[in-house]
Amino acid sequence: MAGKTLPPRPVVLCTNDDGLHARGLQALVAALTPLAEVYVVAPETEQSASSHAITLARPLRLRPVRERVWALDGTPVDCVYVALHHTSLLPGRPSVVVSGINHGPNLGGDVFYSGTVAGAREGALRGIASVAFSMPSGADPEALAPVAAAMAMALASAPGAPLVNVNFPKGERLGTRVTRLGPRLYEDLVEVRLDPRGRGYLWIGGPKVTNVRTKGTDTAAYEHGLVSVTPLRLDLTEESPATQRRARAVALAGRSSARGEDAVRSGRARKGK
Ligand code: MN
């Protein structure tokens, strides 16, 4: 049939940290499929809180699941790394890397621990616009996925390869805000217990968490029923004069110490002669 050739659809790479079979990822893939050429490389098993870990000390197994979908027995960052650098998975560079929708929010300092955010961050480190999505535990991913898909497509091929962290609130969505990371305070805890054989074991991480409602933050947006969109930076350098001064003092201590060592070494050398 003679007809118009449709413009090529953007390639979207999806991953998550809850594992390939998680409902959050499956809903997101279903919502993206009418809009893009969707490829999925996701962890075989749950990898929550794997942060930016990559697997270097053991082999990785890539399992083809169906057309354009693979499971990898690694971390979310392994998945994005493999998807971008394996020569025969994707047809080209994706327009956007999408991670999630995570089961559980990733607010404030969570971004340092989250495998979901790290999956997106790996895309951004490779110069690709990337976004992480998270929702409250128990939320309905089918209801949120179309919103997430629209947001991901808005980011596709954005200049400067932005990295964006999106959190859906509990219950009804009352709006959407661009935010910064807020204070999320965990009850830090090391629980010491005994196993049935009498040997001690530990559980870390207390169950209680408080989202402080500091104005303009993701934690406040979450508590106020707003979808939070936080742009994240990759350059963690601290520019504040106080920390810069402290860094210079640290460098100076290193230099003085090095001069001291040199003096000791040359002293020994003279004695040796
Ligand atoms: Mn997770």
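Trainee: How much space lies in the largest pocket?
Mentor: This is a predicted model, in which local features need pLDDT of at least 70 and side-chain atom pairs count only at pLDDT 80 or more, while totals for chains, interfaces and linings use all residues. Residues are numbered from 1 along each chain as its sequence is written, and side-chain values use heavy atoms, without hydrogens and water. A pocket is an open set of points on a 1 Å grid over the protein atoms alone, where a 1.4 Å probe fits, with protein on both sides within 12 Å along at least five of seven lines. Taking volume as the space filled by probe spheres set on the points, joined across faces, edges and corners, the largest pocket holds about 670 Å³.

Trainee: Which residues lie nearest the centre of the largest pocket?
Mentor: The lining (residues with an atom within 4 Å of a point) comprises 23 residues. Nearest the centre of this pocket are Ala-49, Asn-106, Asp-110, Tyr-113 and Tyr-186.

Trainee: Which residues are closest to the centre of the second largest pocket?
Mentor: The second largest pocket encloses about 440 Å³, and 18 residues line it. Closest to its centre are Phe-112, Leu-181, Leu-232, Arg-233 and Leu-236.

Trainee: At what angle do helix H1 and helix H5 pack?
Mentor: Helices are DSSP runs (H or I, at least four residues), numbered from the N terminus; H1 spans residues 23–32 and H5 residues 141–155. Their axes, lines fitted to C-alpha atoms over the stretch in contact (heavy atoms within 4.5 Å), with angles from 0 to 180 degrees between N-to-C directions, lie 8 Å apart. The packing angle is about 55 degrees.

Definitions and conventions. Helices (H or I, at least four residues) and strands (E, at least two) are DSSP runs, numbered from the N terminus.
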